[in-house]
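Student: I would like to learn how to read strands, hairpins and backbone angles in a protein model. Could we go through one together?

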Number of protein chains: 2
Amino acid sequence: MSRLEIDVLEANAAFYRAFADHDAKAMEALWSEAAPVACVHPGWDVIEGRDEVLRSWRAILASPSAPAIRCRQAAARVLGDVAYVLCREDLPGAHLAATNVFVRERGTWRMVHHQATPIAPGQEQPARRPAGPVN
Amino acid sequence: MSRLEIDVLEANAAFYRAFADHDAKAMEALWSEAAPVACVHPGWDVIEGRDEVLRSWRAILASPSAPAIRCRQAAARVLGDVAYVLCREDLPGAHLAATNVFVRERGTWRMVHHQATPIAPGQEQPARRPAGPVN
């Protein structure tokens with residue numbers, strides 16, 4: 001795994017930490033201030049613009065019913081100064097497939113887009129593990 | 001709108017043409033052969049790899065129950081040689097929010113990722129039209 005991929009995965013992990021910790025300030029710091037941002041929460045329409053996106057996050061994080069969330073199977077795709085992470089989100093009683101898009105700004109990966117799609121019950125695929133050496 | 005944005009929106013329109021026309025060959029030609037590709041169909045888990053992604057599209061396009069689809073409110077975000085399009089998908093009785101990611105390969109925008117998330121009934125926002133001149 002390249003240094004850039006590790007950095008992107010760290011930015012992705014920081015996003016899920018802010019989400020799980022209900023930390024609106026950390027969430028705000030993650031999102032790009034230079035590039036246009038957007039977000040698709042499950043069941044919502046597209047949200048465009050930093051103010052609107054951050055308002056949606058503050059509402060979600062402030063809600064006492066905000067679910068415990070855990071990210072797994074994160075895989076980064078680095079395309080120059082843009083990268084996206086594919087991962088699964090585990091919530092109590094629900095699994096989602098998520099895409100998180102980042103841009104590299106002065107060496108730091110900042111989020112520009114998040115989209116999560118609920119996975120229908122029974123459609124979840126088993127994790128693919130890299131094949132180990134044959135003994 | 002920049003030339004690059006227009007080109008990306010044309011690639012996005014070609015994707016929805018292939019989808020609506022059940023044209024598996026056109027769909028195949030749209031997807032990158034150089035970059036890793038992935039896809040999240042509504043309700044499905046993440047699909048990774050060109051063969052798997054194209055297999056899923058062939059199955060969808062071959063199905064007699066494949067829905068009539070129409071893309072609207074497409075907006076392109078160009079980030080160097082990467083771009084993504086946010087749009088809504090209208091299907092009979094359903095609306096989805098979609099993200100389509102493209103990379104520019106030898107001057108042509110090729111798809112690397114598609115994700116669609118169903119919008120819950122009543123959550124659809126009215127289209128934002130650019131404000132016209134004040135008369």
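Student: Which residue of S5(A) stands opposite A:Leu91?

Tutor: Happy to start there, and keep in mind that this is a predicted model. The residue facing A:Leu91 is A:Ala94 in S5(A). That pair belongs to a larger pattern: strand S4 (residues 82–91) of chain A and S5(A) run antiparallel and are joined by 10 bridges.

Student: What sits between S4(A) and S5(A) in their hairpin?

Tutor: The hairpin has 2 residues between the strands, and A:Gly93 takes a positive phi near 80 degrees there.

Student: How should I read the sign of phi?

Tutor: Here is the general idea: most residues other than glycine have a negative phi. With that in mind, look at the hairpin of S5(A) and S6(A), which also has 2 residues between the strands. In this hairpin A:Arg106 has a positive phi near 45 degrees. In chain B, B:Arg106 is not a glycine either, yet its phi is positive at about 50 degrees. B:Arg106 lies in the loop between strand S5 (94–105) and strand S6 (108–118) of chain B.

Student: Is B:Arg106 buried or exposed?

Tutor: B:Arg106 is exposed, and its relative accessible area is 84%.

Student: Where does A:Gln73, with its positive phi, lie?

Tutor: A:Gln73 lies in strand S3 (residues 70–79) of chain A. Its phi is about 55 degrees, although A:Gln73 is not a glycine. This residue is partly exposed, with a relative accessible area of 25%.

Student: How does S5(A) pair with S6(A)?

Tutor: S5(A) and strand S6 (residues 108–118) of chain A are antiparallel partners over 10 bridges. One facing pair is A:Leu96 with A:Pro118 in S6(A).

Student: How many residues of strand S5 of chain A are buried?

Tutor: The general idea first: in a regular strand, side chains alternate between the two faces of the sheet. In strand S5 (residues 94–105) of chain A, 9 of the 12 residues are buried, so this strand is largely enclosed by the rest of the structure. For chain A as a whole, 47% of the 135 residues count as buried.

Student: What pattern does chain A follow along the sequence?

Tutor: Chain A reads α-α-β-β-α-β-β-β-β, with 3 helices and 6 strands. Its radius of gyration is 15 Å, close to the 14 Å that the globule rule gives for 135 residues, so chain A is as compact as a globular protein of that length.

Student: What share of its contacts links residues far apart in sequence?

Tutor: Among contacts in chain A with a separation of 6 or more, 46% come from residues 24 or more positions apart.

Technical notes
Residues numbered from 1 in each chain as written. Chains lettered and ligands numbered in written order. Predicted model: local features only at pLDDT ≥ 70, side-chain atom pairs only at ≥ 80, totals over all residues. Heavy atoms only, no water. Helix = DSSP H or I, 4+ residues; strand = E, 2+ residues; numbered from the N terminus. Rg over C-alpha atoms; globule rule 2.2 N^0.38 Å. Buried < 20%, exposed > 50% of the residue type's maximum accessible area, 1.4 Å probe, protein only. Contact = heavy atoms within 4.5 Å. Pairing = 2+ DSSP bridges.
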